[in-house]
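This report describes one protein chain, beginning with the packing of its helices and ending with its overall make-up. Please keep the sequence and the coordinates at hand while reading.

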Amino acid sequence: MDIFNVFEISATALSAQRLRINLVSSNLANIDSTRSTNGGPYQRQDVIFAAVPTQKQFENFLHENLEGVQVVEIIKDPRPFKQKYDPSHPDADKGGYVTMPNINLMEEMVNLILACRSYEANVTVINATKNMALKALEL
């Protein structure tokens with residue numbers, strides 16, 4: 001395995017997890033947003049990842065099957081919106097209910113922790129690979 005392949009794979013994972021952290025941050029920032037540009041409450045977003053080959057060369061496929069991470073799609077959560085009784089809210093309907101975003105605080109915090117841990121793991125891989133390369137140069 002080429003040392004640069006390790007950096008490439010970890011870089012794709014870092015980029016994907018950074019996007020996931022940004023989406024979680026956006027979801028948390030809009031947890032009480034009852035109005036969006038599309039009309040209605042903010043709709044939770046999530047990301048879908050896929051493993052993709054890092055190189056397209058035929059020779060590399062014969063010896064190694066290295067894969068990186070690619071963002072396939074950013075989706076809107078299809079779960080229904082929450083209804084909250086608050087007749088004093090400006091967006092309340094005639095019955096006094098406000099349609100709130102479909103965001104669960106605990107779920108978002110778990111997603112944030114998972115994304116941060118994955119990001120940290122990939123930084124550790126990069127640092128360990130860099131240290132191995134430096135040790136090899138000392139020989």
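## Packing of α1 and α3

In this predicted model, the axes of helix α1, residues 3-29, and helix α3, residues 105-138, come within 9 Å of each other and cross at roughly 160°. Angles over 145 degrees count as roughly antiparallel, and α1 is therefore roughly antiparallel to α3. The crossing in which α1 passes α3 is left-handed.

The residues that form the contact of α1 with α3 comprise 19 nonpolar, seven polar and four charged ones. Two packed helices are described by the angle between their axes together with the distance between those axes.

## Three positions along α3

Which residues does Glu108 touch, leaving aside those up to four places away in sequence? Glu108, which has its place in helix α3, touches Val24, Asn27, Leu28, Arg44 and Ile103 when residues up to four places away in sequence are not counted. The C-alpha atoms of Glu108 and Val24 are separated by 6.1 Å, although these two residues are 84 apart along the chain. Glu108 has a relative accessible area of 0% and is therefore buried, since buried means under 20% relative accessible area.

Val123 and Glu120 offer two further positions to examine. Val123 also lies in helix α3, and its C-alpha atom is separated by 7.5 Å from that of Ser10, a residue 113 positions away along the chain. Because its relative accessibility is 31%, Val123 counts as partly exposed. Glu120 is likewise placed in helix α3, and its relative accessibility of 41% is why Glu120 counts as partly exposed. Between Glu120 and Gln17 the C-alpha to C-alpha distance is 9.8 Å, with 103 residues separating the pair in sequence.

## The chain as a whole

How many helices and how many strands does the chain contain? There are three helices and four strands, and when the chain is read along its sequence they follow the pattern α-β-α-β-β-β-α. In that order, a helix stands at the start of the pattern and another at its end.

The chain has 139 residues, of which 24% count as buried. Its accessible surface comes to about 9300 Å², and carbon and sulfur atoms account for 59% of that area. When contacts between residues at least 6 apart in sequence are considered, 62% of them join residues at least 24 apart.

How values were computed
Residues are numbered from 1 along each chain as its sequence is written. This is a predicted model: local features need pLDDT of at least 70, side-chain atom pairs count only at pLDDT 80 or more; totals for chains, interfaces and linings use all residues. Side-chain values use heavy atoms; hydrogens and water are left out. Helices (H or I, at least four residues) and strands (E, at least two) are DSSP runs, numbered from the N terminus. Buried means under 20% relative accessible area, exposed over 50%, partly exposed in between (1.4 Å probe, protein chains only). Contact means heavy atoms within 4.5 Å. Accessible areas come from the Shrake-Rupley method with a 1.4 Å probe; for residues, only the protein chains shown count as cover. Axes are lines fitted to C-alpha atoms, for helices over the stretch in contact, and angles run from 0 to 180 degrees between N-to-C directions. Angles under 35 degrees count as roughly parallel, over 145 as roughly antiparallel, 65 to 115 as roughly perpendicular and the rest as oblique. A crossing is left-handed if the near helix is turned anticlockwise from the far one by less than a right angle, and right-handed if clockwise. Ala, Val, Leu, Ile, Met, Phe, Trp, Tyr, Cys and Pro count as nonpolar, Asp, Glu, Lys and Arg as charged, and the others, Gly among them, as polar.
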